[in-house]
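Biologist: Please take a close look at one helix in this model, and set the helix against the protein as a whole before going into its geometry.

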Amino acid sequence: MIPELGHFALILALLVAATMGTLSLAGGQKGRADWMALAKPGAQALFLLTGFSFLCLTYAFYTNDFSVLYVAQHSNTLLPDIYRIAAVWGGHEGSLLLWLLMLTTWMMAVSLFSRQLPDVMVSRVLGVLGLIAVGFLLFMLITSNPFIRLSDIPANGRDLNPLLQDPGLVFHPPMLYMGYVGMSIPFAFSIAALLNGRLDAAWARWTRPWATAAWICLTIGIAMGSWWAYYELGWGGWWFWDPVENASFLPWLVGTALIHSLAVTEKRGLFRSWTIMLSLIAFSLSLLGTFLVRSGVLTSVHAFATDPKRGVFILMFLAAVVGGSLILFAARAGKVRSGGSFALVSRESFLLVNNVLLTTAAAAVLLGTLYPLIIDALNLGKLSVGPPYFNAVFAPIMTPVLFFMVVGSFARWKNDSVAELVKKLRPIAIVSVVLGCAAPLLAGPWSALVAMGLTLAIWIVLASAVQMVRQFRDTANWKSTPISYWGMHVAHIGIAVCVVGITMVKGYETEKDVRMAMGDTVEVGGYTFRLTDIKEVPGPNFKADQGTVDLIKDGRVLRTLHPEKRTYFSSTMPMTEAAIDSGFTRDVYVSLGEKLEGTGKPAWAMRVYHKPFVTWIWFGCLFMALGGAMAALDKRYRKKVAAKLNLNDLKGVAA
């Protein structure tokens with residue numbers, strides 16, 4: 001009865017979400033405190049019901065209950081326990097349940113950590129989230145029920161996709177979904193503010209930590225996905241501009257613009273319409289990503305669904321959410337007034353320029369992602385838009401973002417002068433250009449693109465270091481400096497570290513595809529690789545040809561690498577498991593290919609790489625996430641803001 005209990009919990013969750021969502025919003029509009037009081041317990045009940053349903057599905061996987069269709073399709077008796085649990089979200093239905101669990105987790109968090117907010121704001125926020133939950137619960141119960149039973153129970157399941165039988169499946173999807181779904185929180189705050197008709201600094205202060213928290217999760221999730229693809233797929237790439245990769249990157253770009261826009265709205269009362277629009281776009285792009293993954297319009301290692309009915313449902317839901325929010329924004333936009341003015345040369349101007357550039361970059365990525373689908377839908381032929389387009393379009397847009405990031409952090413609020421900024425930034429610019437142009441000479445052939453990338457990275461690091469040292473030295477009590485200030489600079493340094501990794505690996509990586517027999521050697525990036533053995537090794541649900549490759553430098557064996565070519569019992573598709581020796585300034589990477597037929601001694605196809613500074617890409621992402629966490633934990637966001645408003649202001653917020 002466990003699957004039936006899980007199914008029943010979803011039905012109850014639908015009823016709770018519909019009741020809580022409608023009554024919470026209606027209570028906010030009518031001033032009914034008793035209806036508004038349903039928001040928090042309703043959100044908590046929704047979390048418990050969804051969590052219980054998720055546990056029921058997990059139990060079905062753990063016990064190999066192949067009477068459940070979804071379990072039979074995505075598990076197997078030989079599957080290791082850790083992957084048997086992770087297989088819960090290894091397919092369409094389970095990943096959708098994970099999506100819903102993350103949504104209710106965010107709702108639970110809002111209900112617990114919103115004591116400083118007026119009750120009417122909380123009820124509206126949770127009401128909006130409740131209606132979003134209704135949409136996804138209907139989607140699950142109508143088209144994607146994970147608890148459907150089988151009448152003819154198989155002895156063994158079909159097994160989890162071999163590509164997903166990796167520790168990355170355990171961590172990457174939950175973290176990515178936390179960020180993806182977390183964009184619903186600033187969306188809900190914005191809808192609540194539009195319903196109220198009043199957007200002020202208090203609203204921005206309430207929204208900012210939630211938007212930052214979602215951005216942190218999305219940053220870590222994207223980085224983990226990139227790292228997973230790097231070591232699992234065997235081709236040595238960390239980003240391929242896959243449409244589903246783009247689907248997660250799009251809300252990240254807009255979310256980055258959003259958290260900066262919120263800072264201006266909180267500090268100066270400006271960019272209110274811009275902030276609202278960014279929050280609506282960020283969540284809309286999250287829903288669009290859900291549509292792309294689950295509609296069957298994409299063929300990708302990430303895509304799950306192939307049933308067109310599911311795609312139509314999600315498309316209708318996307319149209320309702322995006323269309324409804326834009327109509328509300330259009331109706332209320334006239335009441336959203338700016339809180340002041342600013343000069344052409346000011347921090348506000350540079351932040352605005354960067355926000356425009358970030359949204360332009362997102363638009364360029366969106367165009368490249370959707371254009372082939374549109375062409376195909378119109379029967380105009382097949383078109384592929386790959387990395388050359390994205391690299392050619394994205395880099396020129398992001399280059400000025402890195403430049404203005406520093407200029408904006410040095411500029412004063414409201415008004416500044418070009419002469420003052422030049423005076424402050426001239427020494428940093430000179431040192432950055434000199435070091436950036438000289439550094440490539442130490443790494444390999446001089447390259448203008450590498451020099452430009454390193455110059456921008458050094459420019460960011462030096463600027464942040466100068467500002468942090470100045471703040472530490474000149475402030476009478478540096479401990480009074482908000483932690484968000486330090487977090488901003490840590491995040492900026494993280495971007496610089498990431499830029500160094502991207503620049504160096506793009507500029508100086510080397511690779512070779514070779515035919516190797518026992519004892520053969522190949523040299524790449526100053527390292528020698530020697531194949532000494534290939535043997536068959538058993539796995540829990542696969543067998544593998546495992547290579548033994550000595551990594552040699554200056555005649556000395558540094559370590560032995562063991563790349564594998566696996567064949568899973570449930571699938572004839574071979575899987576590559578690369579062997580990687582990671583270092584602070586380089587990775588050496590070996591993947592084993594197919595056995596080559598021919599005369600003479602046995603030989604195998606081998607692929608070897610030398611990738612300088614590639615790990616800096618992910619270190620940079622961790623620094624960005626750390627900086628975001630420091631900003632989100634600023635004690636200012638835990639103050640009871642509502643207590644500072646007078647009675648009339650509070651009534652205005654609650655109207």
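**One helix in its setting**

Modeller: The protein exposes about 27,600 Å², an area obtained by the Shrake-Rupley method with a 1.4 Å probe, and carbon and sulfur atoms supply 66% of that surface. This is a predicted model, in which local features need pLDDT of at least 70 and side-chain atom pairs count only at pLDDT 80 or more, while totals for chains, interfaces and linings use all residues. Residues are numbered from 1 along each chain as its sequence is written, and side-chain values use heavy atoms, with hydrogens and water left out.

Of the 655 residues, 56% count as buried, meaning under 20% relative accessible area with a 1.4 Å probe and protein chains only. Among contacts (heavy atoms within 4.5 Å) with a separation of 6 or more, 72% join residues 24 or more positions apart.

The protein has 20 helices and 10 strands, which are DSSP runs numbered from the N terminus (helices H or I, at least four residues; strands E, at least two). The helix to examine is H14, residues 347-377: at 1.5 Å a residue its 31 residues should span 45 Å, and its end C-alpha atoms lie 44 Å apart, which agrees; the expected span is 1.5 Å times one less than the number of residues. H14 nevertheless bends by about 35° at Leu370, with a proline, Pro372, following within four residues; the bend is the angle between axes fitted to the seven residues ending at a residue and the seven starting there. Just after H14, Asn379 adopts a positive phi of about 55°.

Terms used: Buried < 20%, exposed > 50% of the residue type's maximum accessible area, 1.4 Å probe, protein only.
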